[in-house]
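Here is a report on how two protein chains fit together and on some charged residues within one of them. Please look over the sequence and the model before reading on.

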There are 2 protein chains.
Amino acid sequence: MYNINQNNKTPLHIQLYHEIKKDIIENYKANDKLPSLRKLALEYNVSKNTVESAYSQLLVEGYIHNNYKSAYTVTDMIFGEFGVIKPINITKEEPKEQYLYDFFPARLSKDSFPLKLWKRLLNKVMEETLDFGAYSSGQGEFGLRVEIAKYIIKSRGVKCQANQIIICSGFSDSLGLLAKMIYEKYNTLAMENPGYHIVKKVFDSLGYKVKKIDLDKNGLKLDELNNSQSKLVFTTPSHQYPTGVTMPISNRLKLLSWAKDKNALIIEDDYDSELSYENRPIPSLQGLDNNDRVVYLGTFSKSLSPALRVSYMVLPNHLIPIYQNLFDVNVSRVSLIIQKTLELFMSEGHWDRHLRKIRTLNRKKHNLMKSLLEEKLGNTMRIESQGAGLAILINPVVKFDWHKLKQEAKKEKIKLYFAKEKSGGEWEAIRMGFGGFNEDEIVEAINLFSMIWHQCLLQRPKPL
Amino acid sequence: MYNINQNNKTPLHIQLYHEIKKDIIENYKANDKLPSLRKLALEYNVSKNTVESAYSQLLVEGYIHNNYKSAYTVTDMIFGEFGVIKPINITKEEPKEQYLYDFFPARLSKDSFPLKLWKRLLNKVMEETLDFGAYSSGQGEFGLRVEIAKYIIKSRGVKCQANQIIICSGFSDSLGLLAKMIYEKYNTLAMENPGYHIVKKVFDSLGYKVKKIDLDKNGLKLDELNNSQSKLVFTTPSHQYPTGVTMPISNRLKLLSWAKDKNALIIEDDYDSELSYENRPIPSLQGLDNNDRVVYLGTFSKSLSPALRVSYMVLPNHLIPIYQNLFDVNVSRVSLIIQKTLELFMSEGHWDRHLRKIRTLNRKKHNLMKSLLEEKLGNTMRIESQGAGLAILINPVVKFDWHKLKQEAKKEKIKLYFAKEKSGGEWEAIRMGFGGFNEDEIVEAINLFSMIWHQCLLQRPKPL
């Protein structure tokens with residue numbers, strides 16, 4: 001007896017379909033005949049069409065056959081095991097760790113995003129004639145690429161045209177795309193050691209061999225690179241990750257000569273050079289290259305928002321046809337709304353203003369944290385890297401209980417970050433992110449941190 | 001003589017930095033001494049601090065050394081070749097092919113996107129306390145995952161919890177992520193032939209072997225799959241791409257038994273099953289599985305908008321730790337704004353309403369195109385696939401000049417799409433997309449297409 005309710009919101013043929021399906025699964029054998037349309041229609045006081053719709057659905061799903069003279073029979077399959085459909089309760093809360101102070105070294109504070117302005121631009125963009133029915137350019141919106149080109153030419157000394165730019169959904173996306181593009185030609189990547197662990201992950205996963213090249217005070221050791229036989233290198237010349245070293249012009253030129261001579265490719269990751277507090281941003285390596293040997297990677301995550309998920313890549317000209325050949329040129333990687341709003345943000349001049357604002361804001365936080373660290377930790381610590389980005393890197397200069405530091409931080413609900421965790425090298429430093437705090441929080445966070453720090457000193461510092 | 005202008009908007013120390021840099025590149029030799037701070041300050045009527053700032057920038061960039069007694073000297077490098085910076089003119093227009101009628105088979109019409117509603121939701125979301133300063137969950141916003149779970153449980157019969165879902169930026173992104181995740185365990189992919197070329201591309205690029213499995217009227221040939229020795233299969237069971245075949249329940253159960261016995265993994269791509277015009281959507285294969293053997297892929301591109309770039313993937317439970325181990329769980333793949341707006345769109349019930357609207361809208365277009373094709377091409381054509389998705393697939397049944405079809409289409413500015421182009425198999429059909437047109441356009445486009453079609457017939461059709 002099927003449970004069919006004429007007053008139910010679910011259409012009758014769907015109710016019937018569910019009931020018959022259940023019946024077949026539980027009670028029928030292969031080749032059993034189903035009741036005729038007429039019989040069922042009469043029995044449940046529904047139209048023949050209703051029964052036919054239900055049968056038709058069972059037919060396309062393959063539960064029944066339609067035989068000669070329109071008799072419906074069950075297909076030769078046992079459905080029993082699969083028939084049990086249990087209702088599912090969805091868990092509506094996700095467990096999360098809570099910290100009092102989180103020193104995440106790649107964070108901006110919430111108030112640093114121009115929310116009102118962005119909302120206004122979003123509304124303007126949504127008035128326009130955006131086509132949400134179509135896929136859009138795989139390289140990204142042309143207008144946005146023009147704005148990015150103008151910016152990096154002017155501010156980063158990059159040499160490029162908009163047709164060399166690809167809009168991606170973040171650093172890993174840019175790098176993954178590139179790695180796929182050049183695998184035919186290169187199969188060994190040389191990268192900085194210590195360096196950014198995601199780089200190794202991305203290239204590893206695509207089957208590249210990865211060779212680590214040590215650093216000295218000028219960044220990448222060029223002799224070691226030369227000896228590695230690799231013709232592909234990943235570098236962060238303007239603000240080395242994680243050590244903060246800047247590659248001087250002399251080494252940049254040597255690196256470019258190496259690339260020219262070996263027909264090699266340099267991947268320049270310029271991830272946070274907008275955030276320079278003591279000097280101007282270092283002009284890009286790409287801008288010095290005259291031989292089409294540099295891929296330039298940039299992102300909006302460090303200076304605008306990591307939640308937007310927009311990065312970009314400037315290809316040397318010889319890679320453009322390879323990209324076009326390999327990837328779907330009609331499927332973009334970032335939502336059209338986001339691209340168009342960012343384009344407007346840049347073309348109306350807000351990006352330049354935002355950069356000035358964000359530099360000032362973060363310079364203040366940087367200087368505050370630096371002076372507090374110097375004041376509270378004094379000569380028990382050495383600053384390894386400062387003056388740029390969103391973190392100050394420090395190390396103890398006296399015997400130190402690292403294990404205790406981690407334990408105590410956990411106890412006090414402070415989240416700390418260590419260079420080694422994300423760089424795969426032996427080089428260690430504590431990465432004190434300031435970008436996510438406001439100034440009051442910096443004072444409180446460093447107070448608490450300093451308390452813990454002093455518990456971990458195993459030796460008294462030498463007097464000054 | 002440096003060109004320093006006190007009235008210029010560019011700060012004095014930056015003007016000076018550029019002038020000295022140019023001077024060094026063009027005129028200095030290694031170890032040449034630069035003028036003292038005092039001398040330059042006097043000569044150009046600027047403060048000593050200004051000169052020091054300029055020198056400091058040259059210092060970090062590595063053009064000069066700072067020696068004993070604060071004398072600055074040029075580093076031992078020849079900069080000549082790299083000194084020439086040419087101004088760059090950015091090309092501001094991108095060349096584009098224009099078509100009169102574009103039969104793209106995966107397009108929605110512009111008016112099918114709920115623009116006003118989406119705008120309202122965007123504004124609501126932007127009022128809320130979104131944190132644009134932080135990275136957000138790598139799996140995607142939990143709230144959005146809950147909404148997706150509710151939807152696919154109810155409408156697609158999927159069995160899942162929100163913690164099994166990963167939000168991705170489109171089909172390729174979902175598939176690429178998955179392919180990286182399971183490479184350790186599987187290295188051969190079996191896929192449908194003909195099938196979606198992007199699948200082959202993604203798995204090829206990661207070093208998988210790809211084996212093609214032929215189809216019959218029930219989809220994937222299960223014997224052939226069994227003989228292939230592969231333990232990983234990609235399939236589109238509800239609406240096979242490109243043939244449109246539905247895998248019946250009997251074969252679904254056999255496929256699941258195969259996966260259970262072999263400890264194999266099935267990738268179910270359910271790309272457009274919302275768009276079913278004659279029957280209800282076929283319940284998912286995943287929902288029949290009791291052994292954690294199916295990965296379910298879905299997307300918002302076909303029913304809401306391809307320009308949003310949002311897709312999702314439901315992992316079987318045993319893959320969740322592998323995902324968490326391999327990927328950055330703190331970096332999302334889709335912009336927070338888009339995720340939050342979509343979440344609201346679903347939780348307020350708009351998604352259900354939209355699906356009803358979009359089904360009705362596209363059913364009309366589908367039926368119109370189908371009847372026009374039947375009327376105009378009559379018995380010279382066979383419909384290969386219809387009743388679902390965004391295209392009707394047809395083939396000529398008489399001798400036909402395919403080359404001429406392509407030529408004439410180009411001449412008349414009609415863009416046609418062929419199954420073979422994107423499926424890598426031998427199976428051919430013309431994919432007549434209707435989703436991008438309004439009803440008037442369908443009439444005009446089919447009129448023009450029919451005119452061309454009849455020029456390509458090399459044989460008169462048999463009388464009915």
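Chain A can be laid on chain B with an RMSD of 0.1 Å, by a turn of 180° and a shift of 0.0 Å along the axis. That is the relation of a two-fold axis. In chain A, the C-alpha nearest the axis belongs to Leu206(A), at 2.7 Å from it. The superposition is by least squares on the C-alpha atoms of residues with pLDDT of at least 70 in both copies.

The model is predicted: local features need pLDDT of at least 70, side-chain atom pairs count only at pLDDT 80 or more, and totals for chains, interfaces and linings use all residues. Residues are numbered from 1 along each chain as its sequence is written, chains are lettered from A and ligands numbered from 1 in the order in which they are written, and side-chain values use heavy atoms, with hydrogens and water left out.

**The interface**

96 residues of chain A are in contact with 96 residues of chain B. Contact means heavy atoms within 4.5 Å. 100% of the interface residues of chain A are also interface residues in chain B, so the copies meet through the same surface.

The two chains bury about 8,300 Å² between them, with 59% of it on carbon and sulfur atoms. Buried area is the accessible area (1.4 Å probe) that two parts lose on being put together, summed over both.

The count between chain A and chain B is 23 residue pairs in polar contact, both residues at pLDDT 80 or more. A polar contact is a pair of N or O atoms within 3.5 Å; within protein, one must be able to donate a hydrogen and the other to accept it, and residues adjacent in sequence count only if both atoms are side-chain atoms. Several helices give two or more residues to the side of chain A that touches chain B, among them α1 (12-27), α3 (48-61), α4 (115-127) and α5 (142-156). The largest share, seven residues, comes from α4(A). By class, this side of chain A has 49 nonpolar, 23 polar and 24 charged residues. Here Ala, Val, Leu, Ile, Met, Phe, Trp, Tyr, Cys and Pro count as nonpolar, Asp, Glu, Lys and Arg as charged, and the others, Gly among them, as polar. Helices (H or I, at least four residues) and strands (E, at least two) are DSSP runs, numbered from the N terminus.

**Salt bridges**

A salt bridge is a side-chain nitrogen of Lys or Arg within 4 Å of a carboxyl oxygen of Asp or Glu. By this rule the count comes to 31 over all chains. Four salt bridges cross the interface of chain A and chain B. The table gives some of the pairs.

| Acid | Base | Closest N and O atoms |
|---|---|---|
| Glu127(B) | Lys119(A) | 2.5 Å |
| Glu61(A) | Lys21(A) | 3.5 Å |
| Glu278(A) | Lys370(A) | 3.9 Å |
| Glu384(A) | Arg382(A) | 2.9 Å |

Lys21(A) forms its salt bridge with Glu61(A). This pair links distant parts of the chain: Lys21(A) is in helix α1 of chain A and Glu61(A) in helix α3 of chain A, 40 residues apart. Lys21(A) is buried, with a relative accessible area of 13%. Glu61(A) is buried at 4%. Buried means under 20% relative accessible area, exposed over 50%, and partly exposed in between (1.4 Å probe, protein chains only).

Glu278(A) pairs with Lys370(A). Glu278(A) lies in the loop between β9 (265-269) and β10 (294-299) of chain A and Lys370(A) in helix α12 (residues 350-377) of chain A, so the pair ties together parts that are 92 residues apart in sequence. Glu278(A) is partly exposed, at 48% relative accessibility. Glu384(A) is partly exposed at 23%, and Arg382(A) is partly exposed at 43%. Glu141(A), Lys340(A) and Glu343(A) are linked in a network of salt bridges.

**Arg156(A) and Lys415(A)**

Is Arg156(A) buried or exposed? Arg156(A) counts as buried, at 1% relative accessibility. Arg156(A) lies in helix α5 of chain A. The side chain of Arg156(A) makes a polar contact with the side chain of Ser273(A) at 2.9 Å. The Arg156(A) side chain also reaches the backbone oxygen of Ile282(A) at 2.7 Å.

Lys415(A) is in strand β14 (residues 414-415) of chain A. At 28% relative accessibility, Lys415(A) counts as partly exposed. Not counting residues up to four places away in sequence, Lys415(A) touches Tyr99(A), Tyr101(A), Asp102(A) and Phe103(A).
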